Amino acid sequence: MTTRFSRPTFIALTVSLCAMTGGLANAAETMDHSMHKSPAAKQKPSSTAQMDHSAMGHGTMQPVDHSKMDHGAMDHGQKGQDKPAETDHSKMNHGAMQGQMGSMDHSTMDHSQMNHGGVETPRTTSRNPIPVLTDADREAAFPPLPGHKVHDSAINNFFLLDQLEYQDADEGSTLAWDAIGWIGGDINRLWLRSEGERTNGVTEDAEVQALYGHSIGPWWDVVAGVRQDFKPESPQTWAAFGIQGLALYAFEAEATAFVGENGQTAARLEGDYDILLTNRLILQPTAEVNFYGKNDPERGVGSGLANTELGLRLRYEIVRQFAPYIGVTWSRSYGNTADLVRDEGGDIDEARFVAGIRMWF
């Protein structure tokens, strides 16, 4: 059924509807929309928002059960503050959190991006501390060495029989010797030298030197003393002075000058060198050169370069103190000395086979 309104009635209804619509618009304009803020806007910022969790692998971390945490006593500060309020951890129930944290898998967490700089490594102390070193400990570890002492008043000695050998000479069998020794300290010593030979049981050459030696360096000594010749012919005494030591490359050298009776002068140079073929097999070349100031026909020497002797000996050290050897020597006379040798019917040069022993103590 259709209801019909009269024209005056329709106009009145229309006016009433317009009035109601205007009132609703005014009411909407006066409404406070601040009450319609989203729940996210009401939440306060948390300090954990500043942490960078992107570098931490939490994929396998177990979720924390917040239902066991007492959040009621936590002070979240007043609403609307710009800075987050400090959390009072003393009121938090961490007992339940430890159980949840214990189930976390830390093996998959990426610790390379975490800042551990503020973590202080605890110091550890030795259970058995090292005792203080005493003089008794030093003496027990480094006891005094026996034997040779350095730079003190102890008296030491050494004797070397460098050559005690048989020689196959033109005149027959010859026994020759060359020995050296000393007694004293490291700086001042008494040196003794002796050399000579006997052929067919007859002493042809023999001499002894007694020299005072003073060290002028780690490897060199100056010496001064006397030399006594017993053969050939009548005995003769010489004043001696010179230098001896170890030259470069372990070359042992001696240079000695002599002033004898009746104004006779002489000089002698000697040297030898050890070539180690093995630790025990050693090849030793030797050399000796003699000079005289004037002729002495009685003893068979002339002025100038008198004679030289070269040797080559191969020894085997059974022990360091004892070594047998074999070798050869070659001697030659020169100048006026050679003339005197020819006048006596001798040879001015001669090679000999030698065999002997070397020992020291």
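# A tour from glutamate 254 to the cavity

Select glutamate 254 to begin and display its surroundings: leaving aside neighbours within four places in sequence, glutamate 254 is in contact with Ile180, Arg193, Ile243, Gln244, Arg268, Leu269 and Glu270. The model on screen is a predicted one, and every value in this tour is computed from it. Glutamate 254 belongs to strand β7, which covers residues 251–260. Is glutamate 254 buried or exposed? Its relative accessible area is 19%, and because buried means under 20%, glutamate 254 counts as buried. Add glycine 271 to the selection and draw a line between the two C-alpha atoms: glutamate 254 and glycine 271 are 17 residues apart in sequence, and their C-alpha atoms lie 6.3 Å apart in space.

**The whole chain**

Now zoom out and colour the chain by secondary structure, which shows 5 helices and 13 strands. The protein chain has 361 residues, of which 25% count as buried. If you switch on a surface, the accessible area comes to about 25,100 Å², and carbon and sulfur atoms account for 59% of this area. Among the contacts between residues at least 6 apart in sequence, 46% join residues at least 24 apart.

**Strands β2, β3 and β4**

Next select residues 173–184, which form strand β2, together with residues 188–199, which form strand β3; these strands run antiparallel and are joined by 11 bridges. The connection from β2 to β3 is a hairpin of 3 residues. To see one place where the two strands meet, show alanine 179, which stands opposite serine 194 in β3.

Extend the selection to strand β4, residues 202–215, which runs antiparallel to β3 and is joined to it by 12 bridges. Here glycine 196 has alanine 206 in β4 as its bridge partner. The hairpin formed by β3 and β4 has 2 residues between the strands, and asparagine 200 in this turn has a positive phi of about 55 degrees.

Keep asparagine 200 on display and select glutamate 171, which sits in the loop between β1 (156–168) and β2. Which residues does glutamate 171 touch, not counting those up to four places away in sequence? They are Thr199, Asn200, Glu350 and Arg352, so the residue in the β3–β4 turn appears again among these contacts. Between the C-alpha atoms of glutamate 171 and threonine 199 the separation is 7.3 Å, although their positions lie 28 residues apart along the chain.

**Strands β11, β12 and β13**

Move on to residues 304–316 and 322–333, which are strands β11 and β12, paired in the antiparallel sense over 9 bridges. A hairpin of 5 residues leads from β11 to β12, and glycine 311 stands opposite threonine 329 in β12. Strand β12 also pairs with strand β13, residues 349–360, again in the antiparallel sense and over 11 bridges. On that side, select phenylalanine 322, whose bridge partner in β13 is methionine 359.

**The cavity**

For the last stop, select Asp162, Gln284, Arg313, Arg315, Tyr325 and Arg358, the residues that line the largest cavity. How many cavities of 30 Å³ or more does the structure hold? There is 1, and the volume of the largest cavity is about 30 Å³. By class, its lining is made up of 1 nonpolar, 1 polar and 4 charged residues.

How values were computed: Residues numbered from 1 in each chain as written. Predicted model: local features only at pLDDT ≥ 70, side-chain atom pairs only at ≥ 80, totals over all residues. Heavy atoms only, no water. 1 Å grid on protein atoms, 1.4 Å probe; cavity = no way out; pocket = protein on both sides within 12 Å on 5 of 7 lines; lining within 4 Å. Points joined across faces, edges and corners; volume = space filled by probe spheres on them. Nonpolar A, V, L, I, M, F, W, Y, C, P; charged D, E, K, R; others polar. Pairing = 2+ DSSP bridges. Helix = DSSP H or I, 4+ residues; strand = E, 2+ residues; numbered from the N terminus. Buried < 20%, exposed > 50% of the residue type's maximum accessible area, 1.4 Å probe, protein only. Contact = heavy atoms within 4.5 Å. Areas by Shrake-Rupley, 256 points an atom, 1.4 Å probe, with all protein chains shown as cover.
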